[in-house]
Amino acid sequence: MTSHRFFVSQLLRLDDELALEPAVSRHISSSLRIGVGESITLFNGRGGEYSAQIIEVTKKCVIVAIEDYCDTNRESTLNVHL
């Protein structure tokens, strides 16, 4: 099973229901065809990741229930100079 991670610019909070942004919603529903009941991971660049379950899917809107928070840091420890 593939784990799907999505960046969203929205505020993420535990135990919230959230309608995802239109671009992310289209990608989930039309491109990946992820359905109701499946789990995804959301992050917003403010630290950590949130596990969410899809509770409703239409072509233009995906609604998720945020279930869990994991304080993980995926930033590289390397210093990059360009």
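This report describes side-chain pairings and residue surroundings in a predicted model.

## Salt bridges

Side chains of opposite charge can pair when their charged atoms come close. When the whole structure is searched for pairings of this kind, 2 salt bridges are found. One of them joins R5 to E49, and the closest N and O atoms of this pair are 2.7 Å apart. Because R5 belongs to strand 1 (residues 5–7) and E49 to strand 4 (residues 49–57), the salt bridge ties together parts of the chain that are 44 residues apart in sequence. The two partners are not equally accessible: R5 is partly exposed, with a relative accessible area of 38%, whereas E49 is buried, with a relative accessible area of 9%.

A salt bridge also forms between the side chains of R13 and D16, where the distance from N to O is 3.0 Å. Here R13 is partly exposed at a relative accessible area of 48%, and D16 is likewise partly exposed, its relative accessible area being 25%.

## The surroundings of E49 and R5

E49, which has its place in strand 4, counts as buried because its relative accessible area of 9% falls under the 20% limit for that class. The side chain of E49 makes a polar contact with the side chain of R5, at a distance of 2.7 Å. If the neighbours of E49 within four places in sequence are left aside, the residues in contact with E49 are R5, T41, L42, F43, D68, Y69, C70, T72 and R74.

F43 appears again when R5 is considered, since the charged end of R5 sits over the ring of F43, 4.4 Å from the centre of that ring. R5 therefore takes part in a salt bridge with E49 that links strand 1 and strand 4, and the charged end of R5 also sits over the ring of F43.

## Aromatic rings

A pair of aromatic rings is described by the distance of the centres and the angle of the planes. The structure holds 2 aromatic pairs, and one of these is formed by Y50 and Y69, whose ring centres are 4.8 Å apart and whose planes stand at 50°, so that the pair is classed as tilted. This pair links distant parts of the chain, for Y50 lies in strand 4 and Y69 in strand 5 (residues 62–70), and the two residues are 19 residues apart.

As for accessibility, Y50 is buried, with a relative accessible area of 12%, while Y69 is partly exposed, with a relative accessible area of 32%. Y69 is also one of the residues in contact with E49.

## Cysteines

The structure holds 0 disulfides. Of the cysteines, C61 is partly exposed, with a relative accessible area of 26%, and C70 is partly exposed too, with a relative accessible area of 41%. C70 is, in addition, among the residues that are in contact with E49.

## H27 in helix 1

H27 lies in helix 1, which covers residues 22–31, and at 37% relative accessibility H27 counts as partly exposed. Once the neighbours of H27 within four places in sequence are set aside, H27 is in contact with F6 and L32. The contact with F6 may be set beside the positions of the two residues, because H27 and F6 are 21 residues apart in sequence, while the distance between them in space is 9.7 Å from C-alpha to C-alpha, and contact itself is judged by heavy atoms within 4.5 Å.

Note on methods: Residues numbered from 1 in each chain as written. Predicted model: local features only at pLDDT ≥ 70, side-chain atom pairs only at ≥ 80, totals over all residues. Heavy atoms only, no water. Salt bridge = Lys/Arg side-chain N within 4 Å of Asp/Glu carboxyl O. Helix = DSSP H or I, 4+ residues; strand = E, 2+ residues; numbered from the N terminus. Buried < 20%, exposed > 50% of the residue type's maximum accessible area, 1.4 Å probe, protein only. Phe/Tyr/Trp six-rings, centres within 6.5 Å; stacked < 30°, edge-to-face > 60°. Lys NZ or Arg CZ within 6 Å of the ring centre and 35° of its normal. Disulfide = S-S within 2.5 Å. Polar contact = N/O pair within 3.5 Å; in protein donor to acceptor, adjacent residues only side chain to side chain.
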